[in-house]
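The following paragraphs lead through one protein model, beginning with a single residue and moving on to a ligand and a pair of helices. Please keep the sequence and the coordinates at hand while reading.

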Amino acid sequence: TVVCLGELLIDFVPQSNGLPLSQVDTFHRAAGGAPANVAAAVAKLGGKSRFIGKVGRDPFGEFLRTALEEAGVEPALTITDDARTGLAFVSLREDGERDFVFFRSPAADMLLRKEDVEDKWLRDAAIFHFGSVSLIAEPCRTATLDAARRARAYGALVSYDPNVRLPLWTNADFARRTILDQLPFADLVKVSEDEIGFLYGGAGIEEGARLMLGLGPRCVVVTLGAAGCRVFTQTGDVTVPGVSVEAVDTTGAGDGFVGGLLWKLANAHIDASGLDETLAEPAFAVEALRFANAVGALATTKRGAIPALPARSEVERKLSG
Ligand code: ADP
């Protein structure tokens, strides 16, 4: 099972582009949060996935539980009376990019505690994936890192996607420090080209990836948008070009990419100790990353994150066509 933990919220998305939030009168509700999207991506590809998180005792929490189930993800949710379910109001700019206003004061997902995370949710994890804002504040930060440690003790490969969204990480220095502090917990780290620049003050991809590898991960995957991705291990690196598509909305591309890669690794029974060797082997690395690129690319061809995720047959068709 691929077990994902962290941010879970509803995005309220308007139907039309180019309106300021104050003028939007109808919203469409969409389940979101990067690790939840990753869990949905794995399920859509036919894999087993579980999402660990926290919601409020309110209809939005019920909505999210149902949305996870409908996406094929096993919900492992704790309900709290101390906060409401996380919400984000989105305005779509003319160019399709998104601006967010978050309801987090704090929201339930940030209140996940160590004790909430049941052992039975971690025991069967082949891969444990975490990331994004669950690391900003306590108690969620301790809960996340404790769960990563426990999952690893059960033999899981640990995957991390920092998912920097600066408006949310209001303090850039804090964000940078937090992310660098998490790297020793991860076997595999996925970052975008921009995140490398953010973390290492404009360093190039190669230099940034090497610095990250020096902190503990066995493998660093750098996504390059339409250009594909590059994977770095201690012994070398492989570049895998992107799959060409007509992109309409890039939301969820990175999460789809991670879901595709984790599904491939879980399916091939790759554990942490075999990761360097496997990804240093060009044939497997190219196959797995081409697949991940195709999932990411197809996720851009429809609106939204979870609804846009492709099934395995669509990915295979794209790769063979
Ligand atoms: P993030 O969403 O994390 O910023 P990227 O934008 O780099 O990451 O996208 C993640 C992956 O999705 C890329 O590595 C690529 O495989 C795929 N992808 C994203 N945008 C496109 C695009 N316009 N065309 C084809 N593939 C894309």
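Phe 128 counts as buried because 30 C-beta neighbours lie inside 10 Å, where buried means 20 or more other C-beta atoms, placed from the backbone, within 10 Å of a residue's own. This is a predicted model, in which local features need pLDDT of at least 70 and side-chain atom pairs count only at pLDDT 80 or more, while totals for chains, interfaces and linings use all residues. Residues are numbered from 1 along each chain as its sequence is written.

Phe 128 belongs to strand E8, residues 127–131 (strands, E, of at least two residues and helices, H or I, of at least four are DSSP runs numbered from the N terminus). Leaving aside neighbours within four places in sequence, Phe 128 is in contact with Val 3, Ala 148, Ala 151, Ala 156, Val 158 and Ser 159, contact meaning C-beta atoms, placed from the backbone, within 7 Å. Between Phe 128 and Tyr 160, 32 residues apart in sequence, the C-alpha to C-alpha distance is 8.5 Å.

Turning to the ligand, 19 residues surround it, of which Thr 223, Gly 254, Asn 293, Gly 296 and Ala 297 come nearest; a residue is near when its C-beta atom, placed from the backbone, lies within 6 Å. Strand E12 (228–233), helix H7 (253–267) and helix H9 (282–299) each supply at least two residues of this shell.

H7 and H9 also pack against each other, at an angle of about 150° and with axes 7 Å apart, the axes being lines fitted to C-alpha atoms over the stretch in contact and the angles running from 0 to 180 degrees between N-to-C directions. Among the residues that meet are Gly 254 in H7 and Asn 293 and Gly 296 in H9.

How values were computed:
A residue is buried if 20 or more other C-beta atoms lie within 10 Å of its own, exposed if 12 or fewer, and partly exposed in between; C-beta atoms are placed from the backbone. Two residues are in contact if their C-beta atoms, placed from the backbone, lie within 7 Å.
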